[in-house]
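Thanks for coming. I will go through one structure for those who have not seen it, and I will keep to a few parts of it.

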Amino acid sequence: MVLVLALRLQSPPPFATSMNSSACWRFPVLVGGPSVVGPRPGVRLFKNDAGPSVPSKGLRDHFGRSAFGISKRCAGALAIFAATHLGFFHSTLSGGNGVKFIAQASGGEAASTSYTWPEKQRPRICILGGGFGGLYTALRLESLVWADDKRPQVVLVDQSDRFVFKPMLYELLSGEVDAWEVAPLFTDLLKSTSIQFIKDRVKLLHPSDHLNQSTPDRGSTLGGTVHLESGVMIEYDWLVLALGAESKLDVVPGSAEYALPFSTLADAHKVDERLKSLERNRFGKACSPISVAIVGCGYSGVELAATISERLKDKGIVQAINVEPTICPNAPPGNREVALRILQSRNVQLFLGYFVSCIKETSSSEDLTKVTASTEVGSGASTGGEKFILNLQPAQRGLGSQILEADLVLWTVGSKPLIPQLTSTDYYSGIPLNGKGQAETDETLRVRGHPRIFAIGDSSALRDSSGKILPATAQVAFQQADFTGWNLWAAINGRPLLPFRFQNLGEMMTLGMNDAAISPSFIDGLTLDGPLGHAARKIAYLIRMPTDEHRLKVGVSWLAKTAIDSIAMLQSSIAKAITGLS
């Protein structure tokens, strides 16, 4: 069984995205990524809602006396491994729709249940994380041609019951899409496949592929075991780590307490509810506009600024802060120019060359008479709800400090992979990590030192031909899922594995209900924007939906909405023409 670790990140749409953006998943435009064909029969839902448990004494003795953690630095790498029991240790790492890693060891006793695979002899693959990397790897495995005795049994584990198409979370704020379209249930997506889904959280990972252990009843090498929070233990032959990443909020004082991230379905719902509350409080009242501060002007921050400014119109002011002197510094020039033009046309206030030093509530902040003229839009009396103060310090010469007031603060800067970093004394049983907490992999996407563990997405620290780590984007995760599925097939069938080669297909971004920017890499200098770019982006995402059935449902829904909107616009134009004639 293989364990697939896929880092989920977060948030934006198309192709490559800025690495310092908390929502940095980008999709290929029209081609590339995993080749997913139609599903096949039989989903099994294995759900455990039992409370957390700890390993039994027998398991603790088996694993040895040490804590689930990371080895000390060796050759510049960190290693993570699973073992048990040094008094009590508990570590939790969670994120978007990825699996939560919980490592726990205690002296207490608890029963552990072994997960029963349907077949004893066929290969067992465990995939941790149901984001783009994890889910699409599972679907890729389902689409390949296998000999009957080689067809693997696949288990997909995720803490959520929904797959989230993160690049389209922005459309939830604009009302352009419904939640079921961008966050379908795993059981619906997998109902016509043989993939088994378990809704649970990971507590402990114990790889043993470095030991060449074999199972007597199978005669094959055991890859390791995964212990879930519910007490279920899964033995696997192959493992895929696709756990994604979570937003990094604890960056400056007050950011974790007062700022909201935007990388998961729950985040999108929370931001939408907060905006609705602010809109209700100001409805029909003469008061200051709604003020929204967005920290970070990578892809995620810019897409949020464009979407929210279009939604609020003259009822609100959006203030976007970026430490760089420009927005989307890593984006193609065409995308950046289109985005800048849209933001300026919607009166988005850009504070470029600044970083946020702290965030406070209004009551605990210094005198607001220090607020500069550029921010007086937020200095009116609050009409209900909290107000927050952002202290800005210059990151570029020639700028002065600023103080901004906001009703809502959104944080789009930074993310951290969902792999614990702890101290270990056993380097060889661990997963080597780089300084960012990503698993070091070889060119076939296997974790170094662990031939039966693959790591993809935000969890992987694969470097390109120039030595740079590939960006944690959706486009990269899609393509890695395709290669991981094939390399699992090759490994099980004794064929040579393929080295992963990333193909940059371009970048896309949404800029509102009828605006987007697309810069395909295969046509140098071309940028599609406006309604044409918006339509091309939606088509690209429709093609990228996980299954044929879901793709058809979403396509019909979008066509129906487009038809209704077109009829409404036509009726409005006719009414205006008639009024003008009378």
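I start with one residue pair: L392 sits opposite Q402, which belongs to β24. Before going further, note that this is a predicted model. The pair belongs to a small topic, the strands around it. Strand β23, residues 388–394, is joined to β24 by five bridges, and the two run antiparallel. Adding β22 gives an open sheet of three strands, ordered β22-β23-β24, with antiparallel pairing. At the edges are β22, residues 354–361, and β24, residues 402–406, each of which pairs on one side only. From one strand to the next, the twist averages 25°.

Now to another strand, β16, which covers residues 238–241. What lies on its two faces? W238 and V240 are on one side, L239 and L241 are on the other, and all are buried, so to speak, with both faces covered. In general, side chains in a regular strand alternate between the two faces of the sheet. β16 has parallel partners. Strand β8, residues 124–128, runs parallel to β16 and is joined to it by four bridges; here I125 has W238 as its bridge partner. Strand β28, residues 453–457, also runs parallel to β16, with three bridges between them, and I453 in β28 stands opposite L239.

Next, the nonpolar cores. The largest has 86 residues, and those touching the most other members are L135, F165, V292, V302, I308, L410 and L511. Which helix gives the most to this core? It is α10, residues 474–492, with nine residues. Apart from this core lies another, of 24 residues, including V226 and L418. Looking at L135 alone, and leaving out residues up to four places away in sequence, its contacts include L156, F163, F186 and P546.

Back to helix α10. Is it enclosed or open? Of its 19 residues, 16 are buried, so the helix is largely enclosed by the rest of the structure. Its length can be checked too: at 1.5 Å a residue, the 19 residues should span 27 Å, and the end C-alpha atoms are 27 Å apart, which agrees. After α10 comes G494, with a positive phi near 70°.

Last, a residue of the opposite kind. L552 is in helix α12, residues 548–581. Is L552 buried or exposed? Its relative accessible area is 59%, and exposed means over 50%, so L552 is exposed. Between its C-alpha atom and that of L542, 10 residues apart along the chain, the separation is 8.7 Å.

Key. Residues are numbered from 1 along each chain as its sequence is written. This is a predicted model: local features need pLDDT of at least 70, side-chain atom pairs count only at pLDDT 80 or more; totals for chains, interfaces and linings use all residues. Side-chain values use heavy atoms; hydrogens and water are left out. Two strands pair if DSSP finds at least two bridges between them. Axes are lines fitted to C-alpha atoms, for helices over the stretch in contact, and angles run from 0 to 180 degrees between N-to-C directions. Buried means under 20% relative accessible area, exposed over 50%, partly exposed in between (1.4 Å probe, protein chains only). A nonpolar core is a set of buried Ala, Val, Leu, Ile, Met, Phe, Trp, Tyr and Cys residues joined through side-chain atoms within 4.5 Å. Contact means heavy atoms within 4.5 Å. The expected span of a helix is 1.5 Å times one less than its number of residues.
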